[in-house]
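Me: Could you walk me through this model, one question at a time?

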Amino acid sequence: MNMIKKIYDKLLKDYGPQGWWPLVEHPGSNPTKSGAIEGYHPGDYSLPTTDTQRFEICLGAILTQNTSWVTVEKSILNLYRINSLSISGIKKLSDGKLREMIKPAGYYNQKARYIKEFIVFFEKLDGKVPSREELLSVTGIGPETADSMLLYAFKQPHFVVDAYTKRIFIKIGLIDKKANYDEIKKLFEDNLDKDYKVYQEYHALIVEHAKRYYLKKTNYGKCPLLKLIKK
DNA sequence: AACCAGGACGTGA
DNA sequence: TCACGTCATGGT
């Protein structure tokens, strides 16, 4: 009964709180030291606390589209080092310079455009929380990016569905191969408390779990959730 | 050396 | 609505 919740409990028990979304600067981090590995803040659901941090999360959400997070970290640190990890900082950059900084994350031409367009949208918010529809109206923001922003930057209870989520839950038989984004999103939201902290943790745990068992197809069979399902 | 990474857009059926 | 090509660097 409620496998969705049961799986969440198991993943949290096995892996512990993940501390998403990583932020270069937060109490306890040390960004000058090296990477943003220290950007994670497990158990602290108070972040982000500033508009600059909110923007950093939104920026990361765009940069990580179909791209590994390590290359996104490089891009974000590139901006950080030239003191441009902020709206005002990016606005000062030429288009070419912005493209150069985010190059490691790939698709740098379109992502640079997406970022510039998002900045206009973000400034118009003037501190307000955007609706999902408003976010989706911005070029470059699709369902997953919108939900990532809502969930991690604005602490709104929107479940984030990514490629890993589909892969895992198709494998264990809880969703159909042809289920679309909104159907999968609804499955999770219908079976969990409407709590942004739970949604944040669950999505992060799914990514962690996928990195352990779902990078290579030959490993799918080792997924411990397969046994959990059969009971 | 393919394959894929914390997807979205534009196009044409 | 939905399948398909495109965008691009970098890690495994």
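**Around Asp147**

Asp147 touches Arg132, His158, Phe159, Val160, Tyr181 and Lys185, leaving aside residues up to four places away in sequence; contact means heavy atoms within 4.5 Å.

Reply: A word on conventions before we go on: this is a predicted model, where local features need pLDDT of at least 70, side-chain atom pairs count only at pLDDT 80 or more, and totals for chains, interfaces and linings use all residues. Residues are numbered from 1 along each chain as its sequence is written, chains are lettered from A and ligands numbered from 1 in the order in which they are written, and side-chain values use heavy atoms, with hydrogens and water left out.

Me: Is Asp147 buried or exposed?

Reply: Asp147 sits in helix H8, helices being DSSP runs of H or I with at least four residues, numbered from the N terminus. Buried means under 20% relative accessible area, exposed over 50%, and partly exposed in between, with a 1.4 Å probe and protein chains only. Asp147 has 0% relative accessibility, so this residue counts as buried.

Me: Thanks! Which elements do the buried residues of H8 pack against?

Reply: Nine of the eleven residues of H8 are buried, so the helix is largely enclosed by the rest of the structure. Among the buried ones are Thr145, Asp147, Met149 and Tyr152. They pack against helix H2 (51-63), H6, helix H7 (132-136), helix H10 (181-190) and H11.

Me: Which element gives the largest share of the largest nonpolar core?

Reply: A nonpolar core is a set of buried Ala, Val, Leu, Ile, Met, Phe, Trp, Tyr and Cys residues joined through side-chain atoms within 4.5 Å. The largest one has 75 residues, and those with the most contacts inside it are Leu79, Ile115, Phe118, Phe169, Phe188 and Tyr202. This core draws at least three residues from each of domain 1 (3-35 + 158-230) and domain 2 (51-153), with bounds from an automatic or database domain assignment. The largest share, nine residues, comes from H11.

Me: Turning to the DNA, which side chain has a polar atom 2.6 Å from a phosphate oxygen of DNA strand B?

Reply: DNA strand B is surrounded by 26 residues, with Trp21, Gly140, Thr145, Tyr164 and Arg167 the closest; a residue is near a strand if one of its heavy atoms lies within 4 Å of it. Sugar and phosphate make up 60% of the strand B atoms that come within 4 Å of the protein. On the backbone side, an N or O atom of Gly140 lies 2.7 Å from a phosphate oxygen of this strand, and a polar backbone atom of Gly142 is 3.1 Å from one. The side chain at 2.6 Å belongs to Arg167.

Me: And which element gives the most to the surface near DNA strand C?

Reply: Residues surrounding DNA strand C include Asn66, Thr71, Lys74, Tyr108 and Asn109. An N or O atom in the side chain of Lys74 is 2.4 Å from a phosphate oxygen of strand C, while a polar backbone atom of Asn109 is 3.0 Å from one. Helix H3 (69-81) and H6 each supply at least two residues of this surface. With three residues, the element that gives the most is H6.

Terms used:
A polar contact is a pair of N or O atoms within 3.5 Å; within protein, one must be able to donate a hydrogen and the other to accept it, and residues adjacent in sequence count only if both atoms are side-chain atoms.
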